[in-house]
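Reader: Could you take me through this structure step by step? I am new to reading such models.

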Amino acid sequence: MSSSDPTVQPVPTSVVEQVDAADVTLSNPKRAVISLGSNLGNRLETLQGAIDALEDTPGLRVKAVSPVYETDPWGVEPGTQATYFNAVVLIKTTLPPSSLLERGHAIEEAFERVRDERWGPRTIDVDIVAYQDVVSDDPQLTLPHPRAHERAFVLVPWHDVDPQAEVPGRGAVAALLAALGQDGVRVRTDLELRLPE
C-alpha cells in the first residue's frame with residue numbers, strides 16, 4: 001500500500017502529540033538502565049527519593065520503575081547488616097554517560113551515602129547498569145556495569161521492566177537470569193515505587 005493511497009488516513013496529530021509529550025524536552029534521547037539499592041534508614045522512601053531526583057534532572061525522564069525486591073547484602077557475614085531494597089529504573093536522557101554518573105553521585109551524596117568500606121551498608125546506591133549499547137572499559141565508568149550480568153538483584157527487576165533487554169556484550173537478560181537463578185531475590189508485593197508524574 002503506497003503512502004499516496006487516499007484511503008490511508010494520517011495518524012491524528014493529537015495522538016502523535018500525546019506520544020511525543022513525554023519526550024518533548026528531549027531531542028534524540030538515549031536509553032539507560034539504573035540500579036538502585038538501599039539498606040539503611042527508610043529504604044523505600046530513599047529509593048523513591050532517588051527516583052524523584054532522577055526525574056528532576058534536566059535532560060532526563062524516568063520511563064519505567066520496577067517492583068521492589070528485598071535481597072541479602074553481598075560480601076558480609078549474614079545478619080551483620082540489614083537487607084537491601086533494590087529496584088531498576090529505565091530512563092531516557094540526553095546527558096552523556098559522564099554527566100549521568102555525576103548526577104548519580106550527587107543523588108548519593110544528597111542522601112548522605114558513605115563510601116568508607118567496600119560492601120558496607122549504604123543509604124543509597126545509584127549505579128548505571130547500561131547506557132544504550134555502549135561497551136566501555138573507562139575506569140571512571142565501565143559500561144555495561146562490570147558485575148551486572150552476574151547479579152540477580154539487578155537482572156530480576158531489569159527483566160520486569162524490559163523482558164527483551166540485553167546486557168551489551170553479555171547477551172539477553174532473560175538468558176543470564178535463567179543461568180544464574182533468583183535465589184535470595186524476594187519480590188515485595190506489599191511495597192511500591194511510583195513513576196514520577
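**A conversation about the chain**

Reader: How much of the contact in this chain is between residues 24 or more positions apart?

Author: Among contacts with a separation of 6 or more, residues 24 or more positions apart account for 71%. Please keep in mind that this is a predicted model.

Reader: How many helices and strands are there?

Author: The chain has five helices and eight strands. Read from the N terminus, their order is α-β-α-β-β-β-α-β-α-β-β-α-β.

Reader: And what share of the residues is buried?

Author: Of the 197 residues in the chain, 42% are buried. The exposed surface of the chain comes to about 11,000 Å², and carbon and sulfur atoms supply 51% of that area.

Reader: Is helix H4 largely enclosed or open?

Author: Helix H4, residues 152-161, is largely enclosed by the rest of the structure, because seven of its ten residues are buried. The buried ones are Ala152, Phe153, Val154, Leu155, Val156, Pro157 and Trp158.

Reader: Which residues lie nearest the centre of the second largest pocket?

Author: Trp158 is one of them, together with Arg31, Val33, Leu90 and Asp162. The lining has 17 residues in total. Strand E1 (30-38), strand E4 (84-93) and strand E5 (125-131) are the elements that each give two or more residues to this lining.

Reader: How much space is in there, and what kinds of residues line it?

Author: The second largest pocket holds about 220 Å³ of space. Its lining is made of nine nonpolar, two polar and six charged residues.

Reader: Let us change topic to helix H2. Is Thr46 buried or exposed?

Author: Thr46, which lies in helix H2 (residues 43-55), has a relative accessible area of 10%. The cut-off for buried is under 20%, so Thr46 counts as buried.

Reader: What does Thr46 touch?

Author: Leaving aside residues up to four places away in sequence, Thr46 touches Ser38, Phe111, Thr123 and Ile124. In addition, a polar atom of the Thr46 side chain lies 2.9 Å from the backbone oxygen of Asn42.

Reader: Where is Leu44, and why does it count as partly exposed?

Author: Leu44 is also found in helix H2. Its relative accessibility is 22%, and partly exposed covers the range between under 20% and over 50%, so Leu44 belongs to that class.

Reader: Which residues does Leu44 touch?

Author: Not counting residues up to four places away in sequence, Leu44 touches Val68, Phe85, Leu191, Glu192 and Leu193. Leu191 is 147 residues from Leu44 along the chain, yet their C-alpha atoms are separated by 7.8 Å.

Reader: Now the loop between E5 and H4, please. What is the omega of the peptide bond joining Leu143 and Pro144?

Author: Omega is about -10 degrees there, and the bond joining Leu143 and Pro144 is a cis peptide bond. Pro144 has its place in the loop between E5 and H4.

Reader: And what is phi of Gln132?

Author: Gln132 lies in the loop between E5 and H4 as well. Its phi is near 50 degrees, which is a positive value in a residue other than glycine.

Reader: How accessible is Gln132?

Author: Gln132 has 26% relative accessibility and counts as partly exposed.

How values were computed
Residues are numbered from 1 along each chain as its sequence is written. This is a predicted model: local features need pLDDT of at least 70, side-chain atom pairs count only at pLDDT 80 or more; totals for chains, interfaces and linings use all residues. Side-chain values use heavy atoms; hydrogens and water are left out. Helices (H or I, at least four residues) and strands (E, at least two) are DSSP runs, numbered from the N terminus. Buried means under 20% relative accessible area, exposed over 50%, partly exposed in between (1.4 Å probe, protein chains only). Contact means heavy atoms within 4.5 Å. Accessible areas come from the Shrake-Rupley method with a 1.4 Å probe; for residues, only the protein chains shown count as cover. On a 1 Å grid over the protein atoms alone, a cavity is a set of points where a 1.4 Å probe fits but cannot get out, and a pocket is an open set with protein on both sides within 12 Å along at least five of seven lines; lining residues have an atom within 4 Å of a point. Grid points are joined across faces, edges and corners, and a volume is the space filled by probe spheres set on the points. Ala, Val, Leu, Ile, Met, Phe, Trp, Tyr, Cys and Pro count as nonpolar, Asp, Glu, Lys and Arg as charged, and the others, Gly among them, as polar. A polar contact is a pair of N or O atoms within 3.5 Å; within protein, one must be able to donate a hydrogen and the other to accept it, and residues adjacent in sequence count only if both atoms are side-chain atoms.
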